[in-house]
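Thanks for coming. I will walk through one structure, starting with its sheet and ending with two helices.

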Amino acid sequence: MSYTALYRKFRPDNFNGIVGQKHIVKTIKNQILTNRVSHAYLFCGTRGTGKTSTAKIVARAINCLSPKEGNPCNKCELCRAALENRSMNVIEIDAASNNGVDNIREIREEVKYPPTEGRYKIYIIDEVHMLSTGAFNALLKTLEEPPEHIVFILATTDPQKVPATILSRCQRFDFHRITTEEIAQTLSHYMEIENIEAEKEALYYVARLGDGSMRDSLSILDQCIAFYSDEVLTLDKVLDVVGAVDNSVLYEMTEAILQKNAVQIMDLIEQIMIQGRDISQFVIELIVHFRNLLICNTIENASIMLDVSSEEYQQLQTQAQKISKEECMYLIKIFSTLQNDLKYASNERILLEVAMLKLCSITEEKNIDGISAKLAAIERKIESGIPFLPSSEPIPVQHIETVPKIKHPLILSQDRKIIKEGWKDIIQEIETPSVKSVFSQVSLEFKEETDQNIYVVCPFPALQDLVKKNMDFLQQKIEEHFHKSVSLFVITQQEYNEWYRCVYGVTEQKTEEDAEFESLVGTYFPEAEIQE
């Protein structure tokens, strides 16, 4: 005997086997028990939620010779004939290929004749929204006042396309998307019947990929079982078959994006490509991941809204604390656009890398969503106590030189102005030639009235390293000269310019003295011009 696909083999044969549709099952069973069967039903819902299966069970139950609590017995002659697709009382029609007026006219002629056996003749019209306008009009009168022995069951995945005149003549039942937990439990039960060993995590991931559809989940599971025949089905094996990535990659990629770590992002993309994962599937999962983080940031008890395990929910909650709502919405928009562009790309990897590197760049953002996201990132960093120093390369906190506070009072804005003006005097007091040479190439800057920091601005990164090595000496010299407690940060000219642009929205207008100083530095240290 030929092999039967799992979704056909495990198609439910009674109402007890319908998963996730208790509201519909209870209503229809009560109608059958009280002999109040309607003349027309409309089953609506996404694919794989049980519309056709329920329609077939209803067709058998209302004609069954010995029903049990509203369920068909599946043993009498009428039930067996319907199960074997040889019943003259159950007519299944595919509206996608029989959508003309002539097809409906044939039905209108046939409904006049009573069933050969049983009480009812049942017409199951699948994908009814595919009928033409003329066919719908031809069906109206028959659907409104059919003979007593006729029952219509219409099924559709797109009820918006069904005319209101048809909807008003039917009892409508909306089939819900099946939850991941319900699908996973059902798959586990089926695997026990098939005597196949599968890990709980693997079945749960297959259920997630099914996206609320039992049929899709069974098709994916069937493919995985066929690929790894006579082996234990693990999560890694499922990922290999469907070309997806482990959830840990999504968390690592998110962390790298938040830190603007281009090197780590490129390494992760390289790992994805080496493992043979599908780029489009990865982008889809990344969008879902940011959506989950957005819900965690927005809703107090997000576990109700998220269809994830308790362990993964804890991971989402932890990472959601590191990202703002504005950043989530901005990233969802960016990757949704990328997902659409990937459909027409000849090289998906290049598009993904360009999008990722753009997120890591410090280019001026003109989109209002991007500006909101960057401002939210600045606020988040300030609240967590991390100074905001934008750069194409992220600066770890431990690398930012800070000076411990001393007993002198904090400086005010006018004090910082005096320190900046007396910077040349401080340099002249330095006796060591090498140290004096280093500090003669840097400048002191400050802007915000509420910002107590003074920024030691270096023309290029190499000089920044030299300044950091002598920070204690510089700190001591300033405090001895002015008798004030200062907080110094060493940054490059590029970092300072970006900070100024983010805060004030424009590039700082340099004084003639500053321009002359940068000109001299560029003459003796050409590397500074390159960094600019």
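**Strand 4 and its surroundings**

Seven of the seven residues of strand 4 are buried, so this strand is largely enclosed by the rest of the structure. Buried here means under 20% relative accessible area, with exposed being over 50% and partly exposed in between, using a 1.4 Å probe and protein chains only. Strands are DSSP runs of E with at least two residues, helices are runs of H or I with at least four, and both are numbered from the N terminus.

A word on the source: this is a predicted model, where local features need pLDDT of at least 70, side-chain atom pairs count only at pLDDT 80 or more, and totals for chains, interfaces and linings use all residues. Residues are numbered from 1 along each chain as its sequence is written, and side-chain values use heavy atoms, leaving out hydrogens and water.

Back to strand 4. In a regular strand the side chains alternate between the two faces of the sheet. Here both faces are covered: I150, F152, L154 and T156 are buried on one side, and V151, I153 and A155 on the other.

Where does strand 4 sit in the order of the open sheet? The five strands run 2-3-4-1-5, with parallel pairing; two strands pair if DSSP finds at least two bridges between them. Strand 2 (90-94) and strand 5 (171-174) are the edges, each pairing on one side only. Neighbouring strands are turned by 15° against each other on average, direction ignored. The axes are lines fitted to C-alpha atoms, for helices over the stretch in contact, and angles run from 0 to 180 degrees between N-to-C directions.

Strand 3 (residues 121-126) pairs with strand 4 (residues 150-156) in the parallel sense over five bridges. I122 has V151 as its bridge partner, and I125 stands opposite L154. Helix 5 (residues 101-110) packs on the sheet and touches strand 2, strand 3 and strand 4, contact meaning heavy atoms within 4.5 Å. The direction of helix 5 makes about 165° with that of strand 3.

On the other pairing, strand 1 and strand 4 also run parallel over five bridges, and Y41 is partnered with I153.

Now the helices. K237 is in helix 11 (residues 235-242) and counts as buried, at 18% relative accessibility. Leaving aside residues up to four places away in sequence, K237 touches Y228, E231 and V232.

Last, helix 16 (residues 325-342): its buried residues include E327, Y330 and F335.
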